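Biologist: Please put the model on the screen, and then let us go through its side-chain contacts one by one.

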Amino acid sequence: MGDQNDMDELLALRAERDAALAEIEACRKDAERWRFVRSPLGTRSPYAVWQEGRMPVFSAIADACIDEAMSQEANHA
């Protein structure tokens with residue numbers, strides 16, 4: 001009977017692993033999209049992170065601005 005329990009546990013662990021790998025792949029794609037968008041114009045990206053009426057915001061500055069905006073939105077929820 002122990003062999004069946006071991007097999008069931010192994011199958012459950014494989015399912016968890018596969019779900020985690022799928023989530024990691026989705027996160028990787030999101031990260032690639034963000035890196036592409038935050039690249040300054042004139043490089044490989046036709047996009048950039050802009051603030052309305054201000055100079056373009058790129059790289060770590062864009063990350064900090066977005067983190068701050070997300071934090072403020074979370075505090076208002």
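The questions and answers below deal with salt bridges and a surface patch.

Modeller: This is a predicted model, in which local features need pLDDT of at least 70 and side-chain atom pairs count only at pLDDT 80 or more, while totals for chains, interfaces and linings use all residues. Residues are numbered from 1 along each chain as its sequence is written, and side-chain values use heavy atoms, with hydrogens and water left out.

Biologist: How many salt bridges does the structure hold?

Modeller: Side chains of opposite charge can pair when their charged atoms come close. A salt bridge here is a side-chain nitrogen of Lys or Arg within 4 Å of a carboxyl oxygen of Asp or Glu. By that criterion, the number of salt bridges in the structure is four.

Biologist: What is the N to O distance in the salt bridge of glutamate 32 and arginine 28?

Modeller: Glutamate 32 and arginine 28 are four residues apart in helix 1, and therefore separated by about one helical turn; helices are DSSP runs (H or I, at least four residues), numbered from the N terminus. Their side chains meet in a salt bridge with an N to O distance of 2.1 Å.

Biologist: Which residue does arginine 33 meet in a salt bridge?

Modeller: The partner lies in helix 1, as arginine 33 does, three residues away, or about one turn of the helix. With 2.8 Å from N to O, the side chain that arginine 33 meets is that of aspartate 30.

How values were computed
Helices (H or I, at least four residues) and strands (E, at least two) are DSSP runs, numbered from the N terminus.
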